[in-house]
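Hi,

Here is the structure I promised to pass on. Have a look at it first, and my notes on what turned up follow below.

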Amino acid sequence: MSQDEYFSVRAAIRINVEPLQDSQAQPDADAFMAEIPAPFRVASQCGQVDNAVEKELQSLEPDDASALYRILQAQNEKITLMMGYMLSQEDDPTQRFTTHTFGASSFAYLSPAPLKHGDHARVKLFLNFPPTAIYCYGVVTHCEEKAPDGDHPPQYLIQIQYTRLLEDDRDTLIRAALHHQQKLLRKRALNRKKSSS
């Protein structure tokens, strides 16, 4: 599947975007693997374990699964709290933005300063569901000035396509996008139900 075949959803995800200097090249695949900070590695590995456990639980009989599920859920909540603290230390307020849309191939966000088409950036995405964070690189594919809103200065809608991203993290982004899509569909269905009654 080519990268542009992944769908995007409109959702506010906390991100850090650090544009690379003109003279700074993004790392090759091996250097990227070596560069990923430890908390992001652990978060990715925890996500893989969670997926495996979910599949195992689905294969159990309902009566057997309920007690085991509660135990695993309690353990998972403890791990999630610790991971959340570790990952919060990686969030740089000076590079913090919020996504306008995101998906498994790219994301877009509003910024007070433009970036040029072809600029590279180091990126961190902090997801609420699943609760994890992703470390990657991307390239600017679009930058569009948005009209000023009242007293606010102009903003730039910047789209970044991932260029260095672990496959497991791409799977996590797919799950996150599907989760947000389902929430949006449920909200629309509820609104239609309210307006028709």
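Arg14, Asp91 and Arg96 are linked in a network of salt bridges. Keep in mind that this is a predicted model. Searching the whole structure turns up eight salt bridges, and a few others deserve a look too.

Take Glu90 and Lys124, whose side chains meet in a salt bridge at 3.9 Å, N to O. Glu90 sits in the loop between α3 (62–88) and β3, while Lys124 belongs to strand β5, so this pair ties together parts that are 34 residues apart in sequence. Both partners are buried: Glu90 is, and so is Lys124.

Asp119 and Lys116 make another one, with their side chains meeting at 3.7 Å, N to O. Here the two ends differ in burial, because Asp119 has a relative accessible area of 17% and is buried, whereas Lys116, with 51%, is exposed.

Then there is the bridge between the side chains of Glu167 and Arg170, at 3.4 Å, N to O. Both residues lie in helix α4, three residues apart, which is about one turn of the helix. Arg170 counts as buried, with a relative accessibility of 6%.

Now for a charged residue without such a partner. Asp169, also in helix α4, is buried yet has no salt bridge. How far away is the nearest side chain of opposite charge? That side chain is Arg41, and it is 9.2 Å from Asp169. A salt bridge needs the nitrogen within 4 Å of the carboxyl oxygen, so a pair at that distance does not make the cut. What Asp169 does touch, not counting residues up to four places away in sequence, is Ser44, Ile134 and Tyr135.

While we are on α4: the helix has 30 residues and reaches 43 Å from its first C-alpha to its last, close to the 44 Å expected at 1.5 Å a residue. Its buried residues are Asp169, Arg170, Thr172, Leu173, Ala176, Ala177 and His180.

Leu173 leads on to the nonpolar side of things. The largest nonpolar core has 27 residues, and Leu173 is one of the four that touch the most other members, along with Phe102, Phe107 and Tyr109. Which elements feed this core with at least two residues each? They are β2 (14–19), β3 (96–103), β4 (106–111), β5 (120–127), β6 (132–146), β7 (155–164) and α4 (167–196). Leaving aside neighbours within four places in sequence, Leu173 is in contact with Phe102, Gly103, Ala104, Leu125, Leu127, Ile134, Tyr162 and Leu165. There is also a second, separate core of twelve residues, and Phe32, Ala43, Tyr135 and Tyr137 are among them.

In case you were wondering about the cysteines, the count of disulfides comes to zero. Cys136 counts as buried because its relative accessibility is 0%, while Cys143 is partly exposed, with a relative accessible area of 28%.

Finally, the overall picture. The protein has four helices and seven strands, and from the N terminus on the elements run β-β-α-α-α-β-β-β-β-β-α. Of its 197 residues, 35% are buried. Among contacts with a separation of 6 or more, 72% are between residues 24 or more positions apart.

Cheers

Terms used: Residues are numbered from 1 along each chain as its sequence is written. This is a predicted model: local features need pLDDT of at least 70, side-chain atom pairs count only at pLDDT 80 or more; totals for chains, interfaces and linings use all residues. Side-chain values use heavy atoms; hydrogens and water are left out. A disulfide is a pair of cysteine sulfur atoms within 2.5 Å. Buried means under 20% relative accessible area, exposed over 50%, partly exposed in between (1.4 Å probe, protein chains only). A nonpolar core is a set of buried Ala, Val, Leu, Ile, Met, Phe, Trp, Tyr and Cys residues joined through side-chain atoms within 4.5 Å. Contact means heavy atoms within 4.5 Å. Lys and Arg count as positive and Asp and Glu as negative; His and the chain ends are not counted. The expected span of a helix is 1.5 Å times one less than its number of residues.
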